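This report describes how the parts of a two-chain assembly meet, from the interface as a whole to one helix pair and then to the domains within a chain.

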Protein chains: 2
Amino acid sequence: MSRRTLSPEQLFTAACDGDRAALARVLSLLERGDAVAREVGRLAYKRSGSGYTVGITGAPGAGKSTLTSSLITHLRKQDLEIAVLAIDPSSPFTGGAILGDRVRMQDHATDPGVFIRSMATRGHLGGLSLSTPEAIRMLDAVGRQWILVETVGVGQVEVEIAGKADTTVVVLNPGWGDSVQANKAGLMEIADVFVINKADRKGVQETQRDIEQMLELSDLAHEAWHPPIVATIGNTGEGVPEMWDAVLEHRATIESSGVLKSRREFRLRAELREIVARRLELKAREILSGDHWDGLQEQVLNHLLDPWSAADEMLRGVGA
Amino acid sequence: MSRRTLSPEQLFTAACDGDRAALARVLSLLERGDAVAREVGRLAYKRSGSGYTVGITGAPGAGKSTLTSSLITHLRKQDLEIAVLAIDPSSPFTGGAILGDRVRMQDHATDPGVFIRSMATRGHLGGLSLSTPEAIRMLDAVGRQWILVETVGVGQVEVEIAGKADTTVVVLNPGWGDSVQANKAGLMEIADVFVINKADRKGVQETQRDIEQMLELSDLAHEAWHPPIVATIGNTGEGVPEMWDAVLEHRATIESSGVLKSRREFRLRAELREIVARRLELKAREILSGDHWDGLQEQVLNHLLDPWSAADEMLRGVGA
């Protein structure tokens with residue numbers, strides 16, 4: 001039987017049995033955000049919960065992909081089954097051939113122990129904030145122990161997503177100003193581990209000092225976990241084992257303290273809220289397209305009515 | 001009477017009369033997103049519509065702020081009253097002192113013809129997609145003819161916002177790969193004018209060719225407006241008059257063709273939809289916080305029930 005004729009359930013079963021093409025297809029089904037996606041999502045939901053997600057984020061150019069590539073090599077030496085979800089538009093993982101040769105990811109492309117999936121940062125029904133957790137859950141459900149999520153650490157939605165991993169690694173570069181930008185972008189609050197990548201360049205100590213100062217100035221300094229700072233060279237893999245040790249240490253800490261459980265519950269509650277809001281939005285769009293509401297829109301377009309008063313009127317039906 | 005004791009309406013009137021401190025205060029009121037913000041927003045809404053917004057976007061490091069700074073100098077020579085809205089976390093405009101000296105924006109800080117406002121990319125009620133159009137409308141309402149909006153061209157929300165200006169300038173750099181990344185980030189579709197900044201570096205022609213090829217491959221090549229490509233050197237201001245001429249030409253074209261009017265209507269419809277969605281999100285929070293639904297949430301957290309079935313159940317009451 002060809003994969004094209006398999007039902008969503010059969011595809012999911014095949015993906016769980018290690019069929020990579022089937023896994024790619026169920027992920028595509030998920031991205032459609034329709035009734036079939038719901039069916040697949042339900043199957044994944046039941047089986048998920050044992051995988052662990054590590055977010056790798058930072059500004060474009062920080063060397064996240066090269067670092068991720070070195071990390072994959074390190075993890076594969078330990079025979080860990082991993083998945084990489086790249087939702088960074090500047091990542092070579094999402095671009096394929098054009099920039100691919102820069103990070104020797106071809107080493108991993110043929111390794112059955114590594115599954116790489118890129119997600120578009122646009123065009124998905126429901127947006128990244130709904131499609132990302134669903135994809136992660138699917139990779140978890142089919143048995144990947146570690147799910148590395150590479151996100152660009154710029155942008156409202158992206159930083160929010162980066163902060164939703166079990167452990168979040170923030171990648172900076174040596175030199176003046178990088179940590180200031182990271183702070184402004186909202187990366188300091190979500191960092192569990194700091195990495196100063198490209199540590200063969202000068203300025204490592206200054207960056208380390210900057211990070212420490214910012215941690216001290218924030219409330220984070222008083223929390224149980226003090227984010228360690230690791231220096232790495234993504235190209236050579238130097239420092240990558242230490243970075244991974246920091247991730248493992250963070251995992252052990254939050255697992256034993258119960259923080260992991262409460263983090264995951266918090267995320268799930270947020271996702272549930274997002275799903276409910278999305279459904280309400282569909283309902284609202286239904287209302288907005290009704291003839292009765294077109295008049296209100298026209299009044300707003302002609303500046304006869306302001307948008308907030310129009311919204312009041314439109315939402316009377318759903319009590320919002 | 002101190003400004004502290006002025007009513008929102010009095011503050012708005014003062015801002016319209018050119019009081020910069022009052023303008024700063026009404027913008028802060030707007031950002032609160034509460035009932036007072038609505039009041040101020042309504043006042044601005046009635047008076048807005050004559051200003052023109054120019055979006056300046058591109059990856060961090062493309063030199064947007066330096067270019068914006070040179071553009072301000074160019075526009076001030078023509079005595080144009082302008083406002084700059086910086087919503088780019090990597091922009092020195094949003095950072096003030098630390099990176100400020102790099103772009104000589106101090107030249108403009110004391111010029112009453114220039115009003116610079118930075119917006120945080122996080123923390124606002126309603127998020128950037130609601131706070132940005134409100135701030136633009138306010139700057140428009142108080143009489144700024146030109147509103148320059150600097151946004152980072154990375155991230156779902158940010159690229160969406162960048163595409164909502166009347167004219168959008170996409171800033172790239174010479175060399176291989178930059179246009180590929182811009183394409184992946186979704187910047188090609190929103191560009192009305194391309195700028196190859198730092199044109200004193202090599203690779204300008206290659207980048208120009210890349211952009212032209214991508215335009216040809218897209219549907220955009222068949223539209224009435226073919227985005228021109230201008231080379232600039234932000235540091236020296238070279239090419240900035242040509243860039244501005246391209247903006248003016250685009251404005252004239254979309255004004256006479258009616259595209260400007262339909263773009264603005266499209267944006268307003270989107271904003272209205274967003275306001276409605278936000279209200280529905282608040283409603284979703286309300287729904288989820290009721291005692292009645294705690295049991296359902298618990299079932300989801302314990303993986304006994306999937307989030308979509310839980311949402312079905314929760315929304316039965318509002319018919320969504």
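## Interface between the chains

In this predicted model, 61 residues of chain A are in contact with 63 residues of chain B. Several helices of chain A each supply at least two residues of the side that touches chain B: α3, α5 (92-95), α6 (97-100), α9 (156-162), α10 (178-185), α13 (259-289), α14 (291-301) and α15 (307-314). The most is given by α13(A), with 16 residues.

Sorted by class, the side of chain A that touches chain B has 31 nonpolar, 16 polar and 14 charged residues.

## Relation of the two copies

A turn of 180° and a shift of 0.2 Å along the axis lay chain A on chain B with an RMSD of 0.3 Å. The two copies are therefore related as by a two-fold rotation axis. Both copies use the same surface, since 100% of the contact residues of chain A recur in chain B.

## A helix pair across the interface

One pairing across the interface joins α14(A) to helix α13 (residues 259-289) of chain B. These two helices pack at an angle of about 120°, and their axes are 10 Å apart. An angle over 115 but not over 145 degrees falls outside both the roughly perpendicular and the roughly antiparallel ranges, so α14(A) and α13(B) count as oblique to each other. Their crossing is right-handed.

On the chain A side, Gln297(A), Val300(A) and Leu301(A) of α14(A) make the contact. Their partners on α13(B) are Glu265(B), Leu268(B), Arg269(B) and Leu272(B). By class, this contact of α14(A) with α13(B) comprises four nonpolar, one polar and two charged residues.

## Domains within chain A

The domain assignment divides chain A into domain 1 (1-47), domain 2 (49-257) and domain 3 (272-318). Between the domains 1 and 2 of chain A, 14 residues of domain 1 are in contact with 13 residues of domain 2.

Three helices of chain A, α1 (8-16), α2 (20-31) and α3 (35-47), each supply at least two residues of the side of domain 1 that touches domain 2. The largest share of that side, six residues, comes from α2(A). By class, the side of domain 1 of chain A that touches domain 2 of chain A holds eight nonpolar, two polar and four charged residues. Helix α3 of chain A is also listed among the helices that each supply at least two residues of the side touching chain B.

Note on methods: Residues numbered from 1 in each chain as written. Chains lettered and ligands numbered in written order. Predicted model: local features only at pLDDT ≥ 70, side-chain atom pairs only at ≥ 80, totals over all residues. Domains from an automatic or database assignment. Contact = placed C-beta atoms within 7 Å. Helix = DSSP H or I, 4+ residues; strand = E, 2+ residues; numbered from the N terminus. Nonpolar A, V, L, I, M, F, W, Y, C, P; charged D, E, K, R; others polar. Least-squares fit on C-alpha atoms with pLDDT ≥ 70 in both. Axes fitted to C-alpha atoms, helices over the stretch in contact; angles between N-to-C directions. Parallel < 35°, antiparallel > 145°, perpendicular 65-115°, else oblique. Left-handed = near helix turned anticlockwise from the far one by under 90°.
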